[in-house]
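Please open the model in a viewer and keep the selection panel at hand. The stops below are arranged so that each selection leads to the next.

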Amino acid sequence: MSWGTELWDQFDNLEKHTQWGIDILEKYIKFVKERTEIELSYAKQLRNLSKKYQPKKNSKEEEEYKYTACKAFLSTLNEMNDYAGQHEVISENMTSQITVDLMRYVQELKQERKSNFHDGRKAQQHIETCWKQLESSKRRFERDCKEADRAQQYFEKMDADINVTKADVEKARQQAQLRHQMAEDSKADYSSILQRFNQEQWEYYHTHIPNIFQKIQEMEERRIVRIGESMKTYAEVDRQVIPIIGKCLDGIVKAAESIDQKNDSQLVVEAYKSGFEPPGDIEFEDYTQPMKRTVSENSLSSSKEGKPELKFGGKSRGKLWPFIKKNKGATPEDFSNLPPEQRRKKLQQKVDDLNKEIQKEMDQRDAITKMKDVYLKNPQMGDPASLDHKLAEAAQNIEKLRLETQKFEAWLAEVEGRLPARSEQARRQSGMYEAQTHQTVTNCAQDRESSPDGSYTEEQSQESELKVLATDFDDEFDDEEPLPAIGTCKALYTFEGQNEGTISVVEGEMLSVIEEDKGDGWTRIRRSEDEEGYVPTSYVEVYLDKNAKGAKTYI
C-alpha cells in the first residue's frame, strides 16, 4: 500500500490531510501543556494547604503536637507536601519529555511537509508546461494540415481552370507544396513533443509523484508514531511517580496507625495534673455540746477556725484547688499560680531554656577567645584589645544567666520535694510573701463557713495561700495548752525543718504524734513539751493509739 500508487491523483487532499495531522499534534501539545499547568497549580495549592495547617512556631499550637493524633496529622501534612512535590515532578517531566520535544518536532515536520509539497508542485508545474507545449504543437500541426489542404485544393482548382495562366498555376502548386512541407514539419514536431510528453508524464505518475507521495506518507506515519510514543511517555511520567505517591499514602496510613489513644490520655494527665490530693472528708462539728478549744483560732489543728488548709500555702491549696478560681492577673515569675505538677514542668522547662542560653553564650565566648588568640599571634589580622569588651559582655551575660538559673533551680527543688516548703527569701522574690494578721485568718475561716456552697472565691483563695506567718506558729505554741498525744512515730529519714512550723528529726528517733495527716502530707509531732511541729508524713512511721481521743482506725 503506497500513497504514490493508490493516491496518485489526490495531491490536494493529501495536502489537507497532512495539515490536519499537524493540527492534531499541536492540539495534543496544547493538551499536555495545560495538564502541566494544572499539575503545577494543584501542587501549589497542596503546598499552601499543608503550610496553612502547619503549627506556628513558638505558639500554643506547637505544644498541641505532642499528642499522637496531632503528630499523625503533622505527618499527613508533611506527606501531602511530598505528594505535591510528585505532581511538580509530573509537570516538569511532561514539559521536558513531551511538550518541548513535540514543539521542536512540529517545526521540523512543518518544514519537511513544505519541502515535499513544494517538490510536488514543481513536478506538477513541469508536467503542465509539457502539456501546454504538446497542445501548442498539436494545434500548430492541425493548423498547418488545414492550410496544406486548402493550398492543395486551390492548386487543383487553378490547374483545372483553363482560363488561369500557367504562371498562376505554378504559383499555386508551389504554395501547396510549401504548405504541405510545413504540415510535415509540424507533424514531426508534434510527434517529437508528444513522445517527450508521454515520457515526462510516465515519469511524473510513476516516478516523481510516487516518490514525493511516499515521502509524505512516511512523514505522516512518523507523526502518528511520534504522537503514540508521546502518549506512552505521558502515561509513564504518571506511572513513575506512583511508587513515591504510594509511599506518601503509606506514610499517612502508618501515621494513622501510630495514633495511641492511651498515650494521648496519659499526656492529658501529665499536662493538667495538679499534683494535689483530692479534698478529704469534712469532719462533723457538733454545736449541741460545748467544745473545749485546745488551740488558738489561728492554729494549724483540726478546729473550725484553724483547718489544716491554712498550714502552708502550697499544701493548703491541694485540698480545695478544684474550687479556687484562677487568677487572671500577670503570671508570677516562679509560676506559683500553677498546681505543683504543672509548676514543676514550667520551672524545668525554664531551667532547660536558661541552660541552653548559657551554653550558647559560652560557645560565643569561646569563639571570641579563639579569635583573640589568633589576633595575638597575628597582630596584622586585628587588635586583640578590641575583643575585650565583647568578652566582658559575654562573661556578664553568663553570670546573669547562671544566677537566674540558680533561682529557678531553687524553686524547682522546692517543688520536687527537696525542700518541704518555700523559703522566706523565695517568697519575697516571687512577690507572694505578705504579712498577714491573726484577724485575716479568722476572717478567711468565717468567709468559708458563710459560703453556701463551701467554695472559695478568688479573693478568699488568694488569702488562704498567704496566711502563714512565723508569729502565728510562735503564738500558737506559746499560748495554747499542749494537745494530747494520739500515738507515736519513728523517723525513717532525717528531716531538716528549716521553715516556720516544721521540726527537725533524726533518722530512728521516736516522737509523739499529736495530730495525724489530714490529707495534706504533713503530720504534727512533739519531741518535748515545748518542742513540736510538722514533718512530712512520708518521713515517719506512725503508730496510733486506738484508744486515744481523735485517733482513727485504719483497716
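Select Arg-35 and Glu-39 and display their side chains: a polar contact of 2.7 Å joins the two. The model is a predicted one, and the distances quoted on this tour are computed from its atoms.

**Stop 1: the Arg-35 site**

Widen the selection to helix H2, residues 11–52, in which Arg-35 lies. The contact with Glu-39 also qualifies as a salt bridge, at 2.7 Å from N to O. Because Glu-39 and Arg-35 are four residues apart in helix H2, about one helical turn separates them.

Are these two residues buried or exposed? Residues under 20% relative accessible area are classed as buried. Glu-39 has a relative accessibility of 7% and therefore counts as buried. Arg-35, at 15%, counts as buried for the same reason.

Next, add Asp-238 to the view. The side chain of Arg-35 makes a polar contact of 3.1 Å with the side chain of Asp-238. To complete the surroundings, select Ile-90, Met-94 and Tyr-234 as well; with Asp-238, these are the residues that Arg-35 touches when those up to four places away in sequence are not counted.

**Stop 2: a second pair within one helix**

Move to helix H5, residues 166–257, and select Glu-220 and Arg-223, which both lie there. Their side chains meet in a salt bridge of 2.4 Å, N to O. The two residues are three apart in sequence, about one turn of the helix. Both Glu-220 and Arg-223 are buried.

**Stop 3: a salt-bridge network**

Select Arg-526 and Glu-532. The side chains of this pair meet in a salt bridge of 3.1 Å, N to O. Arg-526 is buried, as is Glu-532. Now add Glu-515 and Arg-524: salt bridges with shared partners join these two residues, Arg-526 and Glu-532 into one network. For context, the structure holds 25 salt bridges.

**Stop 4: Ser-2, before helix H1**

Go to the segment before helix H1 (3–6), where Ser-2 is placed. With a relative accessible area of 18%, Ser-2 is buried, because the class takes in values under 20%. Which residues is Ser-2 in contact with, leaving aside its neighbours within four places in sequence? Select Leu-7, Gln-214 and Gln-217 to display them.

**Stop 5: helices H8 and H9**

Show helix H8, residues 340–377, as a ribbon. H8 has 38 residues and reaches 55 Å from its first C-alpha to its last, close to the 56 Å expected at 1.5 Å a residue. Colour its buried residues, among them Leu-347, Val-351, Leu-354 and Ile-358. The buried set also includes Gln-342, Arg-343, Glu-361 and Tyr-375. What covers the buried residues of H8? Helix H6 (261–272) and helix H9 are included in that cover.

Continue to helix H9 itself, residues 388–415. H9 has 28 residues and spans 41 Å between its first C-alpha and its last, close to the 40 Å expected at 1.5 Å a residue. Its buried residues include Leu-391, Ile-398, Leu-401, Phe-408 and Trp-411. Lys-407 and Glu-414 are also among the buried residues of H9. Just after H9, select Gly-417, which takes a positive phi of about 100°.

**Stop 6: a nonpolar patch on the surface**

Switch to a surface representation and select Leu-49, Tyr-53 and Phe-73. Together these residues make a nonpolar surface patch of about 290 Å². Phe-73 is found in helix H4, residues 68–160. With a relative accessible area of 37%, Phe-73 is partly exposed, because that class lies between 20% and 50%.

**Final stop: the whole protein**

Clear the selection and view the entire chain. The protein contains 13 helices and five strands. Of its 555 residues, 35% are buried. The protein exposes about 34,700 Å², of which carbon and sulfur atoms supply 51%. Among contacts with a separation of 6 or more, 72% are accounted for by residues 24 or more positions apart.

Key:
Residues numbered from 1 in each chain as written. Predicted model: local features only at pLDDT ≥ 70, side-chain atom pairs only at ≥ 80, totals over all residues. Heavy atoms only, no water. Patch = residues over 30% accessible without salt bridge, like charges linked within 9 Å, V, L, I, M, F, W, Y side chains within 5 Å. Areas by Shrake-Rupley, 256 points an atom, 1.4 Å probe, with all protein chains shown as cover. Salt bridge = Lys/Arg side-chain N within 4 Å of Asp/Glu carboxyl O. Buried < 20%, exposed > 50% of the residue type's maximum accessible area, 1.4 Å probe, protein only. Expected span 1.5 Å × (residues − 1). Contact = heavy atoms within 4.5 Å. Polar contact = N/O pair within 3.5 Å; in protein donor to acceptor, adjacent residues only side chain to side chain.
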